[in-house]
Amino acid sequence: MAQGSHCDTAQVTLRPLSAGSGTRLFARFPAVSRSLLLTIMNTTNMAENESLECITEHERILQEIESTDTACVGPTLRSVYDDQPNAHKRFMEKLDIRIRNHDREIEKMCNFHHQGFVDAITELLKVRADAEKLMGQVTDTNRRLQDAGREVTAQTEEVIRCRIQQRNMATTVEKLQLCIPVLEMYSKLKEQLESKRYYAALKTMEQLEEVYIPRVSQYRFCQIMAENLPKLREDIKNISMSDLKDFLESIRKHSDKIGETAMKQAQQHRTFNSVVQKQASVMAYGKPLYSLNGQTPSQHNGLGLEEDDQSEEEVLTAQDLVDFSPVYRCLHIYTVLGDRETFENYYRKQRKKQARLVLQPQSNMHETVAGYRRYFNQIVGFFVVEDHILHATQGLVTRAFTEEIWNMALSKIIAVLRTHSSYCNDPDLVLELKNLIVVFADTLQGYGFPVNRLFDLLFEIRDQYNETLLKKWALVFREIFDLDNYSPVPVETEEDYRSVISRFPFHDAEIEKQDFPKKLPMSQSVPQIYIQVKEFIYASLKFSESLHRSSTEIDDMLRKSTNLLLTRTLSGCLQNLIKKPHIGLTENNYNDHAAMSGKVAQTACMSACKHLSTSLMQMLLDSELRQITMGAIQQFNLDVIQCELFASSEPVPGFQGDTLQLAFIDLRQLLDLFMVWDWSTYLADYGQPSSKYLRVNPSTALALLEKMKDTSKKNHIFSQFRKNDRDKQKLIETVVKQLRSLVNGMSQHS
């Protein structure tokens with residue numbers, strides 16, 4: 001075998017292996033030595049087992065050493081030294097023998113397996129060359145694989161990067177799809193705010209908060225949006241409130257125009273109805289009611305179809321003059337924001353303030369009809385707007401609220417008109433004021449506001465109107481009397497005669513039989529007075545129009561005003577005329593009295609005054625006189641004052657002090673009682689010598705008070721709504737009861 005080996009194989013000496021050489025072999029070939037050692041040890045154990053029976057004590061110890069773990073060999077070795085002397089030496093000999101035996105066995109074993117071992121080494125050497133070749137191939141393959149995989153790795157990394165980008169883009173698109181609607185809605189919100197579509201903006205905000213923002217609430221921009229929405233709502237509230245203030249200012253400025261338009265339409269409607277009614281009256285009765293001198297009141301007043309034939313203008317409404325969208329928008333905004341009550345309270349408070357401003361008249365309003373018209377236009381405009389708001393909105397203003405403002409306004413209006421109308425002395429201005437009040441009342445009545453108190457006020461103004469008419473006609477009568485020559489009217493021809501009787505319905509058979517020229521038994525002032533009386537009736541009738549009264553009531557009003565004209569105004573002018581020296585009547589009476597003896601003249605004058613006083617008293621208490629008003633008593637008082645002035649002027653010398661005036665003392669105390677309405681003093685002091693009204697008989701006062709009581713009951717249909725009238729009626733009833741008690745007491749005493 002030594003000769004057939006080469007290279008590394010030749011270096012191996014093929015000799016029996018000693019114990020030391022086995023150990024070295026194990027160190028060089030550890031994998032082979034382990035298996036070989038196991039084989040050797042197994043062989044040794046088999047040899048030992050064969051000679052077990054002949055083992056001596058030392059052999060037993062050696063077996064224990066061989067079979068015992070190294071950590072536990074100490075006690076076994078100690079037993080060697082504990083035996084007989086020289087036991088250690090013998091043991092060492094035995095141990096050498098055992099070692100030699102093992103070496104021989106190992107050598108045998110090695111020799112037995114040496115050829116296989118050499119073959120294995122040879123094969124391993126061959127394999128090593130192939131392994132090195134294979135290693136080179138593997139290394140080259142790995143290198144080439146690495147080179148080839150480097151590009152693939154780069155491409156793989158690029159693919160991974162692209163996949164990551166693609167995934168990020170998909171995620172971004174997905175998130176953007178959620179965010180874009182939010183951004184679009186917010187952009188829409190901005191556009192709505194810029195175009196002042198605030199109500200739509202609030203709806204958009206609501207959608208943003210409830211639908212869109214919760215989907216992407218994790219993003220910062222959405223959080224900023226959510227934080228900004230309450231600020232935008234507050235801005236919308238402030239802007240809408242600013243628009244509302246502008247609206248309130250606008251309607252305050254346009255109230256005059258709105259009221260003017262509404263009153264104009266009401267005037268046209270009233271005129272049309274009046275003309276239709278008069279035409280129906282003509283067709284039914286053949287002639288118009290209250291036709292005086294061939295003219296109807298409307299014709300005399302200048303009101304006819306011509307007013308309806310005015311240029312047909314487009315009918316304007318409050319919506320045409322004022323843009324109500326701010327108040328609608330503000331109402332909707334505050335409703336959406338849940339703050340409607342605040343808005344309603346603010347609006348009503350501001351409108352109340354504006355109502356107070358509208359109701360405040362100018363100090364010189366009574367001077368011209370334009371001042372009254374402007375005042376009424378503003379008030380009508382205010383309530384037309386409120387009526388529109390009442391019907392166009394739900395709950396912003398209520399019927400109770402408008403009625404509250406109207407009642408407050410009505411009281412203020414009546415007080416203002418009562419005050420300012422008292423300053424007016426021009427009957428034409430009073431008549432125009434009356435017409436304005438009627439149109440004003442009809443206009444507001446058309447919007448559902450109660451106006452009965454305004455028509456009650458017209459009755460007060462009617463009395464004032466009659467007073468101004470009486471003053472005006474007093475001047476007319478005086479002028480007529482001053483210009484009259486108090487000579488019979490000469491009539492030269494038939495035409496002149498017809499001209500006179502056409503103005504004054506004078507008919508005398510004897511005069512008509514006379515030939516021309518002839519003279520009429522009257523002066524020029526008589527037909528002129530007659531004409532002026534008719535003009536007075538026309539003027540009085542003008543005021544009675546459109547007061548919603550029956551023909552009977554109008555007749556009563558005309559009769560009363562005409563009676564006042566004849567009994568007070570014309571009578572007063574005649575009395576003044578009589579006193580004028582150039583007439584000669586007063587001078588003849590005075591001369592007649594002066595021609596008498598002093599005592600007779602005084603007696604005649606006193607008798608005349610007493611007769612006049614008695615006649616006046618009988619006139620008041622006449623049973624045919626069923627009713628009497630306070631105005632009539634005031635006029636009667638003026639007549640008595642004229643009598644007292646005559647008595648105080650010493651028409652006959654020789655009277656001491658106020659002797660002649662005492663003839664009118666009964667009338668004076670009675671009239672003072674009613675003029676002052678001093679019933680508490682009269683009833684308290686009755687029967688006492690120091691009584692202020694000692695000359696007033698309870699039966700006389702009761703009779704006169706009964707006439708006033710009946711007048712108060714029958715005054716007009718709206719008297720029950722006037723608090724002053726109700727209180728006065730209760731007072732009259734109370735006084736009547738007390739006077740009846742006094743009269744009954746007097747009857748029982750008699």
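Helices here are DSSP runs of H or I with at least four residues, and strands are runs of E with at least two. On that basis, the protein in this predicted model comprises 27 helices and 2 strands.

Good morning, colleagues. Allow me to begin with the overall picture. The protein has 750 residues, of which 36% are buried. Among contacts with a separation of 6 or more, 75% join residues that lie 24 or more positions apart.

I turn now to individual helices, beginning with H5. Helix H5 runs over residues 87–194, a total of 108 residues. How far apart are its end C-alpha atoms? The distance is only 123 Å, whereas a straight helix at 1.5 Å a residue would reach 160 Å. H5 also contains a kink of about 50 degrees, and this kink is centred on His 114. Just after the helix comes Lys 196, with a positive phi of about 65 degrees.

Helix H23, residues 630–648, offers a second case. Its 19 residues reach 26 Å from the first C-alpha to the last, close to the expected 27 Å. Several residues of H23 are buried, including Met 630, Ile 633, Phe 636, Val 640 and Ala 647. The buried set also includes Gln 635, Asn 637 and Glu 644. After H23 comes Glu 650, which has a positive phi near 50 degrees.

Let us next consider how two helices pack. Two packed helices are described by the angle between their axes and the distance between the axes. For H14, residues 399–421, and H16, residues 452–483, the angle is about 5 degrees and the axes are 11 Å apart. Angles under 35 degrees count as roughly parallel, and H14 and H16 are therefore roughly parallel to each other. On the H14 side, the contact involves residues including Trp 406, Leu 410, Ile 414 and Arg 418. On the H16 side, the participants include Arg 453, Leu 457, Glu 460 and Gln 464. By class, the residues of this contact comprise 8 nonpolar, 4 polar and 3 charged.

Finally, I would draw attention to a single residue, Asn 377, which lies in helix H13, residues 369–392. Is Asn 377 buried or exposed? Its relative accessibility is 5%, and because buried means under 20%, Asn 377 counts as buried. Which residues are in contact with Asn 377, leaving aside its neighbours within four places in sequence? They are Ser 255, Asp 256, Gly 259, Glu 260 and Met 263.

Thank you for your attention.

Key: Residues numbered from 1 in each chain as written. Predicted model: local features only at pLDDT ≥ 70, side-chain atom pairs only at ≥ 80, totals over all residues. Heavy atoms only, no water. Expected span 1.5 Å × (residues − 1). Bend = angle between axes of the 7 residues up to and from the residue. Axes fitted to C-alpha atoms, helices over the stretch in contact; angles between N-to-C directions. Parallel < 35°, antiparallel > 145°, perpendicular 65-115°, else oblique. Contact = heavy atoms within 4.5 Å. Nonpolar A, V, L, I, M, F, W, Y, C, P; charged D, E, K, R; others polar. Buried < 20%, exposed > 50% of the residue type's maximum accessible area, 1.4 Å probe, protein only.
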